[in-house]
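The following paragraphs lead the reader through a structure, from its surface to its interior. Please keep the sequence and the model in view while reading.

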Amino acid sequence: MKIGVIVAMERELQQIKSLFNSNEVIVRKCGIGKVNAALGAAELIAECRPDVVISSGCAGGNGTEIEVGDVVISTETCYHDVYCGLAEDGSCVYGQVQGMPARYAGSPMLLAIADKMAAQDGRSSRLHKGLIVTGDWFVDSREKMESIVNCFPEAKAVDMESAAIAQTCYKMQVPFVSFRVISDIPLRDNNAAQYHDFWTMIADSSFHTTRQFIELLLRTGS
């Protein structure tokens, strides 16, 4: 099995690459934001033909049960900054690109392996499956986070890439899931102080859940 892993930033790239020494795991940096994410995913799929694609990185968290350092696994993704109107038949919803799904479902096969991983290592309380919403906005204030979760109260995490990678994988028919380490809780923070603390204090151990998942995936899929 060949696994493609996409991250947005150089410091995420270095964290992830340090965890793998296998030709079966291809790690690429796409850059920040939706356009970079979609281009990076399309290039990875066209050049390397992975069997699955995983987005890994950090995100802002939402929900009383979520803490910094927890991991959100996408059961589905959508955009928090897209609105195409209602469409002629009234079928288009907020967050949906007209003509595309309202939400992009995570791969059932990959989500089943995530469940197996959680059961094996006893960390299920630190892993949260749910909706990840994506937009071209670094959420550094409570007010901005409030505006997002008012539209998507069930969202577990907010990032800048996952839904764009999911849309690309949907179009190119490649199974996809996103793993997002919670770097900050914007509704409990201001001026991104938690985010900056994350990179100086917590990030060194933050991507080991992604490593455990990929190792299990390789064993299961080989």
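In this predicted model, Tyr 83 is found in the loop that runs between β4 (71-79) and β5 (104-105). Is Tyr 83 buried or exposed? Its relative accessibility is 52%, and because the exposed class begins over 50%, Tyr 83 counts as exposed. Together with Leu 86 and Tyr 94, Tyr 83 forms a nonpolar patch on the surface, and the accessible area of the three together is about 340 Å².

Such a patch may be set against a general tendency: in soluble globular proteins, nonpolar side chains tend to be buried together. The largest nonpolar core of this model has 55 residues, of which Val 53, Phe 179, Phe 213 and Ile 214 touch the most other members. Helix α3 (residues 108-121) supplies the largest share of this core, with six residues. Apart from this core lies another, of 10 residues, including Val 133, Val 139, Met 145 and Ala 155.

The surroundings of Phe 179 can be examined in detail. Leaving aside residues up to four places away in sequence, Phe 179 touches, among others, Ile 54, Val 71, Ile 73, Ala 114, Met 117 and Phe 213.

The backbone also deserves attention. Most residues other than glycine have a negative phi. Arg 49, by contrast, has a positive phi, near 50 degrees; Arg 49 lies in the loop between α2 (34-48) and β3 (52-61) and is exposed, with a relative accessible area of 62%. Gln 173 likewise has a positive phi, near 60 degrees. Gln 173 is placed in the loop between α5 (162-172) and β8 (176-184), and its relative accessible area of 73% makes it exposed.

Conventions: Residues numbered from 1 in each chain as written. Predicted model: local features only at pLDDT ≥ 70, side-chain atom pairs only at ≥ 80, totals over all residues. Heavy atoms only, no water. Helix = DSSP H or I, 4+ residues; strand = E, 2+ residues; numbered from the N terminus. Buried < 20%, exposed > 50% of the residue type's maximum accessible area, 1.4 Å probe, protein only. Patch = residues over 30% accessible without salt bridge, like charges linked within 9 Å, V, L, I, M, F, W, Y side chains within 5 Å. Areas by Shrake-Rupley, 256 points an atom, 1.4 Å probe, with all protein chains shown as cover. Salt bridge = Lys/Arg side-chain N within 4 Å of Asp/Glu carboxyl O. Core = buried A, V, L, I, M, F, W, Y, C linked by side-chain atoms within 4.5 Å. Contact = heavy atoms within 4.5 Å.
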